[in-house]
Number of protein chains: 2
Amino acid sequence: VERTVAEQPLKIDFYFDFASPYAWLISDRLEQLAARYQREVVWRPVLLFAIFKAVGLPAPMETDAKRKYMLHDMERSARYYGVPYRHPANFPAISPVPGRLFYGLAEREPAQAKAFARQALRAHFVDGKDITRPEVVAEIAGEAGIPASSVEAALTGERGKSLLRESIENATRRGVIGSPFVIVDDEPFFGADRLDHIEWWLNSQTRVEA
Amino acid sequence: VERTVAEQPLKIDFYFDFASPYAWLISDRLEQLAARYQREVVWRPVLLFAIFKAVGLPAPMETDAKRKYMLHDMERSARYYGVPYRHPANFPAISPVPGRLFYGLAEREPAQAKAFARQALRAHFVDGKDITRPEVVAEIAGEAGIPASSVEAALTGERGKSLLRESIENATRRGVIGSPFVIVDDEPFFGADRLDHIEWWLNSQTRVEA
């Protein structure tokens, strides 16, 4: 039994909003980094507007000067990281539909849920798909290889909805203040620009344990 | 005459608040980066609270969840960058005193003004000096090698005050939304974590011109 427990890979919690460009910009590189450190990335979609409301933060896009800078930085950061990016026409999108679908799949088929999430970020930020529309989101799930019956059940069931709400509460309790927000064990990292810090931190942990 | 103009080094504008930890964390490395690209860093202290008020942004430290994360990230970022850092007892400080002194010196003695600014960031973020107190700020200027008579004139004169106000208006017009905020030609970069992006951008400019 102990051997089985020890073989459970350590996790990295990846809190994000499906409508967050910086989440898309970090997602593949975070998976690659985690793989190098034998960690498993646990994708945890949330609705940022609900977190902002809960902790009393204004949405960054509400202020003209900040919105202008961020729109510029998003596109430039994509070029800097070499990640394909096309700014979505409906931005920022409200993302309960992919959130519900994700959690509707996650309990029974976590690999399917993650495959859907990766496909949804790409579809939204590269192909311009509107992730607020259930029929578009169902199509994206189909492209990720998820059977139509599972998609339908996950989209319409109550379980995905309640798990999304629980995840938002959990994120708020853990201090999530934006997207992407990565928690390694209990160490929090906010932003697409914290990947080097995360790697430095993982290295320092390894050294301590060795 | 054309030769003289061509020999003027290109600039990098460094907008910052004397009370900003992330400004301290980037300042030395920004100078080193600029030197590698034959650029001159023009230090432009501002008062962040005045900019936030002008553009309608709340101070990030106002929200509990964000303050908690940022305080943690400031100390961790200092360790990550290898920059000495001790969180000041009075934080965030209001910084008109060093701002006025800086601009009081800057017109006639720009090198002295920069030497003072570097010393002030170090004194505040390493030695815990209270930069809200004129006598402490005058002492810091003395340590930076600035004659007492110049310090006294700069601290009490109206010129420093009006230039600080002009600099805040200029920063607001140029889209500054926080500290540090670096503008290379017209390209804006916000945050201590954008140095790699700045270098990438400088490289791309060099390639275009070559």
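How many helices and strands are there in chain A? Color chain A by secondary structure and you'll find 10 helices and four strands. These are DSSP runs, numbered from the N terminus: helices are H or I with at least four residues, strands are E with at least two. Starting at the N terminus, the order in chain A is α-β-α-β-α-α-α-α-α-α-α-β-β-α.

Before we go on, some ground rules: this is a predicted model, where local features need pLDDT of at least 70, side-chain atom pairs count only at pLDDT 80 or more, and totals for chains, interfaces and linings use all residues. Residues are numbered from 1 along each chain as its sequence is written, chains are lettered from A and ligands numbered from 1 in the order in which they are written, and side-chain values use heavy atoms, with hydrogens and water left out.

**Stop 1: both chains**

Show A and B together. Chain B lands on chain A after a rotation of 180° with 0.0 Å of shift along the axis, at an RMSD of 0.0 Å; the fit is by least squares on the C-alpha atoms of residues with pLDDT of at least 70 in both copies. That is how a two-fold axis relates things. To find the axis from chain B, select Asp193(B): its C-alpha is the nearest one in that chain, 3.3 Å away. The copies meet through the same surface, because 96% of the interface residues of chain B are also interface residues in chain A.

**Stop 2: chain A as a whole**

Now hide chain B. The C-alpha trace of chain A spans about 50 × 45 × 35 Å along its principal axes. Of its 210 residues, 48% are buried, meaning under 20% relative accessible area (exposed is over 50%, partly exposed is in between; 1.4 Å probe, protein chains only). Contacts here are heavy atoms within 4.5 Å. Among contacts in chain A with a separation of 6 or more, 72% join residues 24 or more positions apart.

**Stop 3: helix α5**

Select residues 96-106 of chain A, which form helix α5. Which of its residues are buried? They are Val97(A), Pro98(A), Gly99(A), Leu101(A), Phe102(A), Tyr103(A) and Leu105(A). Add their packing partners to the view: β2 (39-45), α6 (110-125), α7 (134-143), α8 (148-156) and α9 (158-173) of chain A.

From Pro98(A), go to Ala123(A), 25 residues apart along the chain, with 12 Å between the two C-alpha atoms. Ala123(A) sits in helix α6 and is buried, at 1% relative accessibility. Setting aside neighbours within four places in sequence, Ala123(A) touches Gly128(A), Lys129(A) and Ile140(A).

**Stop 4: two cis peptide bonds**

Zoom in on Phe91(A) and Pro92(A): the peptide bond from one to the other is cis, with omega near -10°. Pro92(A) is in the loop between α4 (64-81) and α5 of chain A. Then bring chain B back for Ser179(B) to Pro180(B), another cis peptide bond, with omega near 0°. Look for Pro180(B) in the loop between α9 (158-173) and β3 (181-184) of chain B.

**Stop 5: positive phi**

Select Asp185(A), which isn't a glycine but has a positive phi of about 55°. You'll find Asp185(A) in the loop between β3 (181-184) and β4 (187-190) of chain A, partly exposed at 36% relative accessibility.

Finish on Gln38(B), a residue other than glycine with phi near 50°. Gln38(B) lies in the loop between α2 (21-36) and β2 (39-45) of chain B. Is Gln38(B) buried or exposed? Gln38(B) is exposed, with a relative accessible area of 62%.
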